Amino acid sequence: MGGNGNSPCASCKLLRRRCAKECIFAPYFPSDDPHKFAMVHKVFGASNVSKMLQELPVQQRGDAVNSLVYEANARVRDPVYGCVGAISYLQTQVSQLQMQLAVAQAEILCIQMQQDPTIPAPQLVNSDDKSFLLHNNLPQYLSFAPSSNVIQDYSLKREALFGHDMVSS
């Protein structure tokens, strides 16, 4: 039998068939974890998973099964977007946090400039469209990341950026 000793793999158990020695599912869907195959079967179907695994080299099948399990679980939670929905949500959070970091760094710079007037003021470019690029000769301790060196509209209120609308819980 393909599974652990005498017991069939999770796939063969669920599909109620005899687990052959060369069962393609046995190495990846052990009998002690039936939920793993049940999710993949529900989303992709056993024959589709079998075809996918057969088309891959043996050394890539384990990674493919892990990906299928991850996507199947994501599809059950979010049938429309699956794991893309989770990725999109995380990208949105990263963008919001980058904006908050840039605002906080600008606030630090403003406070430092008020406390120590010897710090050279950053050179502003194209102030008409309220989008300011900070000059490269900022003090090194600020360490602006390349993607967060654009500060938009200094007149934005802090509540608008850090308020309930911008931060998801």
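**Two helices, one core and some unpaired cysteines**

Let's start with a contact. On one side, in H2, we have Lys36, Met39, Val40, Val43 and Phe44. They meet Val65, Leu68, Val69, Glu71, Ala72, Asn73, Arg75 and Val76 in H4. Sort the residues of this H2 and H4 contact by class, and you get nine nonpolar, one polar and three charged.

One caution before we go on. This is a predicted model.

Now, how do we describe a pair like this? Two packed helices are described by the angle between their axes and the distance between the axes. H2 covers residues 34–44, and H4 covers residues 58–77. Their axes come within 8 Å. The crossing angle is roughly 70 degrees. Angles of 65 to 115 degrees count as roughly perpendicular, so that is the word for H2 and H4.

Step back to the whole chain. It has six helices and two strands. In order along the sequence, the pattern reads α-α-α-α-α-β-β-α. The chain has 169 residues, and 31% of them are buried. What about contacts between residues at least 6 apart in sequence? Of these, 42% join residues at least 24 apart.

Next, the core. In soluble globular proteins, nonpolar side chains tend to be buried together. Here, the largest nonpolar core has 21 residues. Which of them have the most contacts inside it? They are Cys9, Cys23, Phe25, Phe29, Val40 and Leu53. Four elements give two or more residues to this core: helix H1, at 10–15, then H2, then helix H3, at 46–55, and H4. The largest share comes from H4, with five residues. Val40 should sound familiar: this H2 residue was in our opening contact with H4.

Two of those core names were cysteines, Cys9 and Cys23. Look at cysteine 23. Set aside its neighbours within four places in sequence, and it is in contact with Cys9 and Cys12.

So how many disulfides does the structure hold? Zero. Why does cysteine 12 have no bond to its closest cysteine sulfur? That closest sulfur is in cysteine 9, and the distance is 3.6 Å. A disulfide needs the two sulfur atoms within 2.5 Å. Therefore 3.6 Å is too far for a bond.

Last point. Is cysteine 12 buried or exposed? Its relative accessible area is 1%. Buried means under 20%, so cysteine 12 is buried. Cysteine 110 has a relative accessibility of 38%. Values between 20% and 50% count as partly exposed, so that is the label for cysteine 110.

Key
Residues are numbered from 1 along each chain as its sequence is written. This is a predicted model: local features need pLDDT of at least 70, side-chain atom pairs count only at pLDDT 80 or more; totals for chains, interfaces and linings use all residues. Side-chain values use heavy atoms; hydrogens and water are left out. Axes are lines fitted to C-alpha atoms, for helices over the stretch in contact, and angles run from 0 to 180 degrees between N-to-C directions. Angles under 35 degrees count as roughly parallel, over 145 as roughly antiparallel, 65 to 115 as roughly perpendicular and the rest as oblique. Contact means heavy atoms within 4.5 Å. Ala, Val, Leu, Ile, Met, Phe, Trp, Tyr, Cys and Pro count as nonpolar, Asp, Glu, Lys and Arg as charged, and the others, Gly among them, as polar. A nonpolar core is a set of buried Ala, Val, Leu, Ile, Met, Phe, Trp, Tyr and Cys residues joined through side-chain atoms within 4.5 Å. Buried means under 20% relative accessible area, exposed over 50%, partly exposed in between (1.4 Å probe, protein chains only).
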